[in-house]
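Thank you all for making time this morning. I would like to walk through one model with you, and I will ask you to keep the sequence and the coordinates in view while I talk.

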Amino acid sequence: MKLQQVDLSLRQVDLDIEDATSEVAFLQDQLSVGEVDGATLDSALIALNSAKMRRIDLLNSKQELLYRFSIVSDKSYDEIVLPKLTMIDQEAYLKDNISVKQSLSKNSENRYWKNVIISQYLPALNVQFNYNAQESINQRFSDAFAPFDNKSSYTSYGFSLSMPLFDVNMLKSVESAKVDYLKSTISINQVKADEKRFYQTKLSKVRALDTKRALCERNFKLYGKVFQSIQNSFNSGDATQLELQKSRHQWQIKEMEIQKVYLDQQIELLALYEKLQES
């Protein structure tokens, strides 16, 4: 997303450089016939040099982004089809949030180990119950012949009580397990509160970018009217080629600004999505 933004910025600055170059050439001609002074030409040269320096900065930024991208992928970034992310509601965000799930898992683990440790120091009662039944049928061919069927059964009960040996670390171990469980319980609320604040921050930014994007779209439409007006003036001989070119380029720049704001919004949404784990 950031690489696409840089590409848009490079296209914008290239248009600025083209306009500034044309402006310098025009002013040089005007200076030669005494229509403008040297200060006007110097100002145009400064604008051209500033645009060229912005381009150098953008290229450096792109190289850094390309390096970071190459660490995770051997593909060309312009081959990647970006998803279209949309805003999710807060309840769904907290439900699938990785940090919240980790804190809940840790709390369950600490509760389990607390119960295990406490049970080690409790007396144990063992109850036994046995039932035995025997039945002999048609025993005439056995050594102990009985002319009739034989049935017998018996039941036995028993219980035992065992006490664990006294451990000087018993209280310390139990209290430590309880504290760990309590801390993990408190941590759940803290993590949820942190994630709610993070969500609200991103939500505010996304809404602000919605407003900014709407303004960019409005400017794009207004610049379209300006360009159409200058084109009409050019056709009638009242505007120069340079004026028409600059007007067209500014219109194109405003269109690219809409795309850059859209990518800004997607980057903010991505910060939310990367904290989620599919259910």
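Let me start with a crossing, where helix H1 passes helix H2 in a left-handed manner. Please bear in mind throughout that what we are looking at is a predicted model.

To place those two helices for you, H1 covers residues 2–32 and H2 covers residues 38–72, and their axes come within 9 Å of each other while crossing at roughly 160 degrees. Because angles over 145 degrees count as roughly antiparallel, H1 is described as roughly antiparallel to H2. As for the residues that make up the contact of H1 with H2, they divide by class into 19 nonpolar, five polar and nine charged.

One residue that I would like to single out is Ala51, which sits in helix H2. Is Ala51 buried or exposed? With a relative accessible area of 2%, Ala51 is buried, since the cut-off for that class is anything under 20%. If you look for Ile17, you will find that Ala51 and Ile17 are separated by 34 residues in sequence, yet their C-alpha atoms are 5.8 Å apart in space.

Stepping back for a moment to the whole chain, we have six helices and two strands, and, reading from the N terminus, the elements follow the order α-α-α-α-β-β-α-α. The protein chain has 279 residues, of which 24% count as buried.

I turn next to the largest pocket, whose volume comes to about 490 Å³. Its lining consists of 15 residues, and those closest to the centre of the pocket are Met1, Lys2, Phe69, Leu82 and Leu270. Which helices each supply at least two residues of that lining? They are H1 and H2, which we have already met, together with helix H6, spanning 241–273. Sorted by class, the lining of this pocket contains eleven nonpolar residues, one polar residue and three charged residues.

Since helix H6 has now come up, let me finish with Gln250, which has its place in that helix. Gln250 has a relative accessibility of 26% and therefore counts as partly exposed, the range for that class lying between the 20% and 50% limits. Gln250 and Gly224 are 26 residues apart along the sequence, and the distance between them in space, taken from C-alpha to C-alpha, is 9.2 Å.

That is where I will stop, and I am glad to go back to any of these views.

Conventions:
Residues are numbered from 1 along each chain as its sequence is written. This is a predicted model: local features need pLDDT of at least 70, side-chain atom pairs count only at pLDDT 80 or more; totals for chains, interfaces and linings use all residues. Side-chain values use heavy atoms; hydrogens and water are left out. Axes are lines fitted to C-alpha atoms, for helices over the stretch in contact, and angles run from 0 to 180 degrees between N-to-C directions. Helices (H or I, at least four residues) and strands (E, at least two) are DSSP runs, numbered from the N terminus. Angles under 35 degrees count as roughly parallel, over 145 as roughly antiparallel, 65 to 115 as roughly perpendicular and the rest as oblique. A crossing is left-handed if the near helix is turned anticlockwise from the far one by less than a right angle, and right-handed if clockwise. Ala, Val, Leu, Ile, Met, Phe, Trp, Tyr, Cys and Pro count as nonpolar, Asp, Glu, Lys and Arg as charged, and the others, Gly among them, as polar. On a 1 Å grid over the protein atoms alone, a cavity is a set of points where a 1.4 Å probe fits but cannot get out, and a pocket is an open set with protein on both sides within 12 Å along at least five of seven lines; lining residues have an atom within 4 Å of a point. Grid points are joined across faces, edges and corners, and a volume is the space filled by probe spheres set on the points. Buried means under 20% relative accessible area, exposed over 50%, partly exposed in between (1.4 Å probe, protein chains only).
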